[in-house]
Amino acid sequence: SDHMENIYGYLMKYTNLVTGWQYRFFVLNNDAGLLEYFVNEQSRHLKPRGTLQLAGAVISPSDEDSHTFTVNAASGEQYKLRATDAKERQHWVSRLQICTQHHTEAIGKNNPPLKSRSFSLASQGSANSPGAQRRPSQNAVSFFNVGHHRLPTGKRVPIMQPDHLVDVREMMSQAEGQQRDLIRSIECLPASGHLTSLDQDLLMLKATSMATMNCLNDCFHILQLQHASQQKGSLPAGATISWLEPKISLANHFKNGAAQNFPAEINKPASVREEQSIAEPCQLAREPEEINPDEELEDICEDKEDDLGAVEEQRSVILHLLSQLKLGMDLTRVVLPTFILEKRSLLEMYADFMSHPDLFIAITNGGSPEERMIRFVEYYLTSFHEGRKGAIAKKPYNPIIGETFHCSWRMPKSDVATEAGTNSSAHSPSEQATLPKDAEGQAELDYYTVKFVAEQVSHHPPVSGFYAECAERKMCVNAHVWTKSKFLGMSIGVTMVGEGVLHLLEHGEEYTFSLPCAYARSILTVPWVELGGKVNINCAKTGYSASINFHTKPFYGGRLHRVTGEVKQNMTNTVVCRVQGEWNSVLEFTYSNGETKYVDLTKLSVTRKRVRPLEKQGPFESRRLWQHVTESLRDGDIDKATEHKRALEEQQRNEERLRAETETPWCTKYFLKDGDGWVYHKPLWKTVSAAQTQQTDSN
C-alpha cells in the first residue's frame, strides 16, 4: 500500500546539550524496517550515520510542543526528533507506527526461540566474595553473577507451540521470584560500609531489573495475542483469553528503602473499582455549617517549602519508586513518599490562589465589559504565583473525601481599584437594599470581606469543589477541579480537569474559565514546577473572550514560566489587549490605545487569609485533620509523618469499603452535583435573587 512506501526528508535531531539540535536527512526503509539518517541528502549514497531497528520500537509524539516526537528502539536507543510543523510530525509518526507494527507482527509470527537466563546472588558471607573485597570505585553490578544458559552447538530450539505458553508462564513466575530475591538481597545489605543497600549502582540494578520484568510481561502479552489469532477458528464458543497480569506488586511509598504494600483495592479490576467508587451523592444529608468570619484570625503560619535537603537525602527512595512506575501510568492511586509533601492540603492551596483579593474585587469595578474582562485576566494570571510555596516542587496533601477548608480575607476599601471618578464604597440605595442579610452588617465597615469554602466531593475520581464570594460587591466564583496525574519519565504531569465560573451580579455577567496543567520537572535532582497548556476565559453576555497560553520550556533553549495571551471582542474579532511575560515574575499588558502596564508579581502585596483556630475547627477541616502530619513534617520527623498519614488513608479506605458493601452513597456537605460539575449549595446569585424578589413583593 501507499502507507508502506519509503519516505525521506529533513528532520532536526537532538544530539546533546553542547551541539543541541542538528538538521539531518532521514530515510524510512519500510522493507528492512529501518530508520536511517545521513548528514545531508547528498551523502545518502554513503553509509548511514545512524540506524534504528523499528521492530518493537515505540513512536511517541512529545507533549512539549506540536513538532517534537521520539523513536524508542527495542535496543534502548532513542532518537529525539523535531519536524517543521505539526502536520509534518503527524506524517512521520503515522508512517513510522505503521512500519513498526508491520515488522513487530512479522517477528511474532516467526516465533523466535526464547533463551532462559538465571540470576544468582553471590555469597555475601565469604571473605573472598566480591562484596567483601569491593573497593568503593568498583561497579556494584560486579557484585552479582549473571549466568546465561547456552544450548550446545548444533542443537536448535524447536519452534514454540501454542501449548508451550504454560511453560513460558512458569518460567516467568520463576524469573519473578528470582527478581524478588535479588531485590530482597540488596535491601538486606548493611546501611553502611563499602557496599550498602543505597549504593547508586545497586539502585539502578533494582530499577532495570524491574523494568526488564515488566517488558517480559508485555512480550508475553504479545505471545498470547499471537496464540489467540492462530486459534481463532478452533476456540470453543464462549471461550475467553486469560491475560497474564504482572505478579510484581507496585509499592505505594517507601520509607528508608523499605517497600510498603499497595492497598488491596489497587489490584482490583478497573471496572470493579469504578462501580464501587462512583455513587451518586445524596443531597446534603450533613448539615452545612455557617462559619462566622469574626471567629477567624489572621493566619500567622509561615510554611515555606525551600528546604532541598530532604529531597537530596531521599534520592534513593525516589529511584526505588521510579523503578515501579511506567510511562503514562496514572498516579491517582499511587501514594507518594511523605517527604515530598507540602505542609498544606490541596484545598488550602486553592484558597491561596485568592491571595490578592484587591484584584479580585476590582474586577466588578471595571467601567466597561472590556475593562472587566482585562481586570479578570490580570487577576487570573497573578493568582498562580502565590499558589506555589517556594521554588521546590512539593505536593500538597491529597484531600480525603468529606474534607473541607474555610477561610476569609478582609480588604480595606481604599485599597481596591475603582473606575475613574468612582468611590469604591459608594453604592446606590437600591444596591444596598438587595444585599443578603449576612452582608447588611458590613455596609458601614471600611473593608470588604471575601469568604472561601472548599470541599473534597469525590475520592475516585478525586474532585474538589471550591467557592468564594464578596457579598457586598455581589460577586462570587464557583469551580470544581478533577486532578489527573501521570508519570512522564523524569517529570510528573497533573491535568486540572474542570471549570470555574465568575459571577458579577451587578452586571449580570458570567465568566467561564479553565485551569492550566502543572508539571513537576527534574524529579531526580531538584524538582521544580512549571505550568503548561492553553486556557480560555469567556463571557457570553458581552462577547469578550481571552486566550492564554502557558508555555513549557523547550527541550533546548527558551525561557521558563513564559505566558502569552490576548483579549478580544468576538463580534468584531478585535484584539483589545495583549499580555506576555512570566506568570511568577513580571507581566506586560499592552492595550489597544498603545499604553503599556507592567505588573511585578514579586512586589504585589499579599493579603493574609483569616482562619479559625484549630480548637474551633471541625474534625474534617483540613488543618485540624492533617495537624499531626504537618507538625511531624515541621519537626523533620518523616517516619512519624508517614505513620499519621497512613492512618488517615487507611481510615478512608475502610469507610469507602464499608459504603461499597452497604451500597451507601456518599453525602456531600456544601456542594451539590449539577450535571458534570458541582455547585455550592447556597450561592450568592440565589440569595441576591431571593432578596430582590422579597423587596419587589414588599413594594
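Is Cys407 buried or exposed? Cys407 is buried, with a relative accessible area of 2%. Hi everyone, that's my warm-up for today. One thing to keep in mind throughout is that we're looking at a predicted model.

Let me stay with the cysteines for a moment. Cys99 is buried too, at a relative accessible area of 0%. So how many disulfides does the count come to? Zero, going by the rule that two cysteine sulfur atoms must sit within 2.5 Å. As a quick reminder, a disulfide is a covalent bond between the sulfur atoms of two cysteines.

Okay, on to salt bridges. The structure holds 21 of them. I'll walk you through a few.

Start with Lys682 and Glu290, whose side chains meet in a salt bridge at 3.0 Å, N to O. Where do these two come from? Lys682 is in the loop between β30 (677-680) and α16 (684-698), while Glu290 is in the loop between α5 (270-277) and β12 (297-298), so this contact ties together parts of the chain that are 392 residues apart in sequence. Lys682 is partly exposed, with a relative accessible area of 37%. Glu290 is exposed, at 52%.

Next up is Asp299, which forms a salt bridge with Arg623; their closest N and O atoms are 2.8 Å apart. Asp299 sits in the loop between β12 and α6 (309-313) and Arg623 in helix α13 (residues 622-625), so here the pair ties together parts that are 324 residues apart in sequence. Are these two buried or exposed? Asp299 is buried, and Arg623 is buried as well.

And that pair has company. Asp299 and Arg623 belong to a network of salt bridges that also links Arg344, Glu348, Asp352 and Lys609. If you have the structure open, try picking out those six residues together.

One more bridge, this time between strands. The side chains of Arg578 and Glu566 meet at 2.9 Å, N to O. Arg578 is in strand β25 (residues 574-582) and Glu566 is in strand β24 (residues 562-569), twelve residues apart. Arg578 counts as partly exposed, at 46% relative accessibility. Glu566 is partly exposed as well, with a relative accessible area of 23%.

Let's stay with charges but move to the surface. Which residues gather in a patch of negative charge there? They are Glu631, Asp635, Asp637 and Glu643. Take Glu631 as our example: you'll find Glu631 in helix α14 (residues 627-634). At 37% relative accessibility, Glu631 counts as partly exposed.

Now for a bit of backbone. Most residues other than glycine have a negative phi. With that in mind, have a look at His561, which has a positive phi of about 60 degrees although it is not a glycine. His561 lies in the loop between β23 (544-551) and β24. His561 is buried, with a relative accessible area of 12%.

Glu663 is another one of these, with a positive phi of about 55 degrees, and again it is not a glycine. Glu663 is found in the loop between α15 (638-662) and β29 (671-674). Buried or exposed, what would you guess for Glu663? Glu663 is exposed, with a relative accessible area of 72%.

Last topic: residues that are separated along the chain, and how far apart they sit in space. Remember the loop between β30 and α16? Pro683 lies there. Pro683 is buried, at a relative accessible area of 0%. The C-alpha atoms of Pro683 and Asn478 are separated by 8.2 Å, with their positions 205 residues apart along the chain.

Then there's Gln651, over in helix α15. Gln651 is partly exposed, at 41% relative accessible area. C-alpha to C-alpha, Gln651 and Ile400 are 9.8 Å apart in space, and they are 251 residues apart in sequence.

My final pair is Ala106 and Ala55. They are 51 residues apart in sequence and, C-alpha to C-alpha, 8.6 Å apart in space. Ala106 has its place in helix α1 (residues 86-110). Ala106 is partly exposed, with a relative accessible area of 31%.

That's my tour, so thanks for listening!

Note on methods
Residues numbered from 1 in each chain as written. Predicted model: local features only at pLDDT ≥ 70, side-chain atom pairs only at ≥ 80, totals over all residues. Heavy atoms only, no water. Patch = residues over 30% accessible without salt bridge, like charges linked within 9 Å, V, L, I, M, F, W, Y side chains within 5 Å. Areas by Shrake-Rupley, 256 points an atom, 1.4 Å probe, with all protein chains shown as cover. Salt bridge = Lys/Arg side-chain N within 4 Å of Asp/Glu carboxyl O. Lys, Arg positive; Asp, Glu negative; His and termini not counted. Charge placed at Lys NZ, Arg CZ, Asp CG, Glu CD. Helix = DSSP H or I, 4+ residues; strand = E, 2+ residues; numbered from the N terminus. Buried < 20%, exposed > 50% of the residue type's maximum accessible area, 1.4 Å probe, protein only.
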